Amino acid sequence: MKLLEVQSSVRLEKSISRALSHEFIQAWQKYNPSAQHKQQDVGINPPAHPTELWTTANYTSPATRTLEMEATLVDSEQLIEELLWADRLLLGVPMYNFSIPSTLKVYLDNIVRVNRTFTFDSTSFRFAGLARDKKALVITPSAGNFAPHTPLGSMNFCQTYLQSILKFIGIEDIEIVTVPNQFMPDDIRQPEIERARTKLLDLAATW
Ligand SMILES: Cc1cc2nc3c(=O)[nH]c(=O)nc-3n(C[C@H](O)[C@H](O)[C@H](O)COP(=O)(O)O)c2cc1C
């Protein structure tokens, strides 16, 4: 079993997504003692944004890319190889402005690439994901509560976006553990952390 952990909180010490991810991985490793584990910390070291050269290189067939084009795709290729290597993808994703952190978006811009993680058939106009046979787990804390049918429920672009983009590249098995109400007083916010922790520790046995 091979686990890729991608963290996107800008916080290290106080990050709920990082702390719960760490606890989950420790529990999961007990059930998978020979598992390999890699981490991408895009919250602290984000990949570079795509540029015009990068975009041209991306849409140029590998056989006809110039050395300059190849060079601009090196980091993206490494990130894709790492994703394709993994059987399990754990994403620590704080909600930032109703969506995902911009650093995670840059990571996704680097790994969601035609003929690498998805294909497009120009005859049928169909897309197909290439990052198949993986499970994803998303741990997503937020200050507010964005559960469906609550006042803020329709503004949860974090979960809806991640579900769409992960499915687009072929990851169908997606578990999302929310940790809402983190700007509320302790008697409200702590039980949310406990609830998420219990769910994660249960999940560790079967994921
Ligand atoms: C730049 C920024 C934007 C945020 N935007 C939102 C938001 O739109 N909705 C929300 O509920 N919380 C928002 N928060 C609060 C975080 O989601 C919350 O503090 C969460 O616990 C952060 O994850 P972490 O504990 O793993 O760092 C924002 C925090 C930051 C730093």
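The exercises below, each with a worked solution, concern a predicted model of a protein chain with a bound ligand.

**Exercise 1. The chain as a whole**

Determine how many helices and strands the chain has, in what pattern they follow one another, and how the radius of gyration compares with the globule rule.

Solution. Begin with the count, which gives seven helices and seven strands in the chain. Next, read these elements along the sequence, where they follow the pattern β-α-β-α-α-α-β-α-β-β-β-α-β-α. The radius of gyration of the chain is 18 Å, close to the 17 Å that the globule rule gives for 207 residues, and the chain is therefore as compact as a globular protein of that length. To complete the picture, note that the C-alpha trace spans about 60 × 40 × 35 Å along its principal axes, and that buried residues make up 46% of the 207 residues in the chain.

**Exercise 2. The surroundings of strand β6**

Work out which strands pair with β6 and in which sense, and explain why strand β6 is described as largely enclosed by the rest of the structure.

Solution. Take the pairing with β3 as the opening step: strand β3 (residues 88–92) and β6 pair in the parallel sense over five bridges, and within this pairing Leu-89 has Ala-136 of β6 as its bridge partner. Then turn to strand β7 (residues 173–179), which pairs with β6 in the parallel sense over seven bridges; here the bridge partner of Thr-140 is Thr-178 in β7. The connection comes next, since β6, helix α6 (residues 157–168) and β7 make a right-handed β-α-β unit. Finally, consider burial, for which the cut-off is under 20% relative accessible area: six of the seven residues of strand β6 (residues 135–141) are buried, and it is because of this that the strand is largely enclosed by the rest of the structure.

**Exercise 3. The ligand and its contacts**

Identify which of the 17 residues around the ligand come nearest, and find where polar atoms of Ser-9, Met-95 and Asn-97 lie relative to the ligand.

Solution. Of the 17 residues around the ligand, those that come nearest are Ser-9, Arg-11, Ser-15, Ser-17 and Met-95. Consider the side chain of Ser-9, of which a polar atom lies 2.6 Å from an oxygen atom of the ligand. Continue with the backbone: Met-95 places an N or O atom of its backbone 2.7 Å from an oxygen atom of the ligand, while a polar backbone atom of Asn-97 is 2.7 Å from a nitrogen atom of the ligand. As a last step, look at coverage, where the protein covers 78% of the 630 Å² of accessible area that the ligand has on its own.

How values were computed: Residues numbered from 1 in each chain as written. Predicted model: local features only at pLDDT ≥ 70, side-chain atom pairs only at ≥ 80, totals over all residues. Heavy atoms only, no water. Buried < 20%, exposed > 50% of the residue type's maximum accessible area, 1.4 Å probe, protein only. Helix = DSSP H or I, 4+ residues; strand = E, 2+ residues; numbered from the N terminus. Pairing = 2+ DSSP bridges. Right-handed = clockwise from strand over helix to strand, strands pointing away. Near = heavy atom within 4 Å. Polar contact = N/O pair within 3.5 Å; in protein donor to acceptor, adjacent residues only side chain to side chain. Areas by Shrake-Rupley, 256 points an atom, 1.4 Å probe, with all protein chains shown as cover. Rg over C-alpha atoms; globule rule 2.2 N^0.38 Å.
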